[in-house]
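Me: Please take a close look at one part of this model, the surroundings of the ligand. Walk me through the contacts and then what lies behind them.

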Amino acid sequence: MAQPLKKLMSCVILDLDGTLLNTDGMFSEVLKTFLVKYGKEWDGREKHKIVGKTPLEEAAIIVEDYGLPCAKHEFVNEVYSMFSDHLCKVKALPGANRLIKHLSCHGVPMALASNSHRATIESKISYQHGWKESFSVIVGSDEVRTGKPSPDMIGVMAGKAAGMEVVAVPSLPKQTHRYTSADEVINSLLDLQPEKWGLPPFQDWIEGTLPSEPWYVGGPVVKGLGRGSKVLGIPTANLSTEGYSDVLSEHPSGVYFGWAGLSTRGVYKMVMSIGWNPYFDNAEKTIEPWLLHEFDEDFYDEELHLVIVGYIRPEANFPSLETLITKIHEDRKVAERALDLPLYSKYRDDPYLKITSSKGQ
Ligand code: ADP
Ligand code: RBF
Ligand code: MG
């Protein structure tokens with residue numbers, strides 16, 4: 001039988017801020033510092049309004065909302081000079097380096113289209129190893145007649161207007177509904193499946209898991225919403241997200257696995273969810289490790305340290321509680337099996353799991 005023709009992508013156009021680079025984080029940092037000068041406090045309330053806006057539009061919103069006694073262009077200039085001092089600290093978002101390396105290794109031409117000015121783009125990416133050489137074309141908003149959403153400059157609407165296939169990666173949580181015109185909305189670049197778009201598939205998945213450099217979270221086990229055992233039959237020893245905003249912003253919400261050390265008991269395999277539990281639509285982000293061991297009793301307040309070694313999938317919504325439970329049990333099996341691989345089992349001996357101090361770091 002004849003196969004339907006698969007649409008082959010010949011090139012990829014990438015957005016920069018909030019897609020490849022964690023510039024949102026930097027924006028808040030700069031604004032906080034800036035507003036203090038005017039005796040104001042940045043509370044993050046503008047975040048939703050300024051995503052995807054040009055710098056002048058952003059400035060207008062902020063100057064107005066905070067009632068700043070300065071002209072918009074002064075604000076832009078000042079914030080921009082502070083930006084340039086912060087650019088070296090901007091981090092690549094999860095999966096950005098992996099994607100760029102993958103596409104360049106396979107000779108897929110890449111372009112970068114950003115609403116920043118060309119010079120700002122150049123300095124932003126100059127701190128990221130190997131990025132500049134990977135793009136055959138870089139276009140800034142000062143180099144086209146009309147910026148996004150016109151197709152001169154690629155955004156979701158712009159990409160569709162130009163007849164392209166568009167994958168959106170919202171940089172703020174719970175925003176999927178704002179990208180209905182995209183062909184797919186994914187939670188982070190880790191979830192991109194290039195083969196869906198006629199591009200070479202990633203080959204770094206191992207038995208249903210994506211290995212990562214290990215990362216560390218710990219603290220006393222806190223009370224959750226009392227749902228894990230009662231509603232799902234799956235207890236999760238919740239950790240407080242306080243003090244972990246940096247680590248958490250570096251890692252997308254999702255299902256992860258690794259090793260868990262309990263101060264008085266030992267080291268166990270662990271599978272966990274981090275995020276807003278779309279099925280329950282939590283208001284707060286939670287860290288919920290399920291230790292893969294039968295315990296005879298609760299261990300609230302006990303010190304729990306986690307070494308997270310890989311990723312399994314994004315958090316998802318489910319049509320029923322049963323399907324959610326079935327999926328979590330699948331995650332458990334994936335984690336249990338993977339943690340026996342030498343690649344992951346070696347972290348069982350990580351000193352972070354042998355807790356000696358009373359407080360997690
Ligand atoms: P909560 O909403 O307070 O987190 P859960 O129903 O999720 O309540 O139950 C979690 C508690 O159950 C943990 O804090 C821990 O004390 C206990 N517990 C017992 N067995 C396990 C396990 N295998 N993994 C995680 N927690 C467990
Ligand atoms: N909740 C969701 O709403 N969507 C998920 O995809 C999801 N995946 C999970 C995966 C694992 C391994 C675990 C332990 C939990 C997951 N949960 C998910 C979280 C679950 O909703 C949470 O543990 C309960 O709400 C109890 O607080
Ligand atoms: Mg819990």
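Reply: A polar contact here is a pair of N or O atoms within 3.5 Å. Keep in mind that this is a predicted model.

Start with Ser-229. One of its polar side-chain atoms sits 2.6 Å from an oxygen atom of ligand 1. The protein covers 93% of the 560 Å² of accessible area that ligand 1 has on its own.

Two backbone contacts go to nitrogen. At Leu-291, a backbone N or O atom lies 2.8 Å from a nitrogen atom of ligand 1. At His-293, a polar backbone atom is 3.1 Å from a nitrogen atom of the ligand.

Now the wider shell. There are 20 residues around ligand 1. Gly-224, Gly-226, Ser-229, Phe-299 and Tyr-300 come nearest. By class, the shell has 10 nonpolar, 7 polar and 3 charged residues. Helix 9 (228-232) and strand 9 (286-291) each supply at least two of them. Strand 9 gives the most, with 3 residues.

Leu-291 also leads into the protein interior. It is among the residues with the most contacts inside the largest nonpolar core, which has 47 residues. Phe-257, Val-271 and Leu-304 are others on that list. Strand 9 supplies at least two residues of this core, as do strand 8 (266-275) and helix 11 (321-338), among others. Strand 10 gives the most to the core, with 7 residues. Another core, of 44 residues, lies apart from it and includes Leu-16, Trp-42, Tyr-66 and Phe-83. In soluble globular proteins, nonpolar side chains tend to be buried together.

Definitions and conventions:
Residues are numbered from 1 along each chain as its sequence is written. Chains are lettered from A and ligands numbered from 1 in the order in which they are written. This is a predicted model: local features need pLDDT of at least 70, side-chain atom pairs count only at pLDDT 80 or more; totals for chains, interfaces and linings use all residues. Side-chain values use heavy atoms; hydrogens and water are left out. A residue is near a molecule or strand if one of its heavy atoms lies within 4 Å of it. A polar contact is a pair of N or O atoms within 3.5 Å; within protein, one must be able to donate a hydrogen and the other to accept it, and residues adjacent in sequence count only if both atoms are side-chain atoms. Accessible areas come from the Shrake-Rupley method with a 1.4 Å probe; for residues, only the protein chains shown count as cover. Helices (H or I, at least four residues) and strands (E, at least two) are DSSP runs, numbered from the N terminus. Ala, Val, Leu, Ile, Met, Phe, Trp, Tyr, Cys and Pro count as nonpolar, Asp, Glu, Lys and Arg as charged, and the others, Gly among them, as polar. A nonpolar core is a set of buried Ala, Val, Leu, Ile, Met, Phe, Trp, Tyr and Cys residues joined through side-chain atoms within 4.5 Å. Buried means under 20% relative accessible area, exposed over 50%, partly exposed in between (1.4 Å probe, protein chains only).
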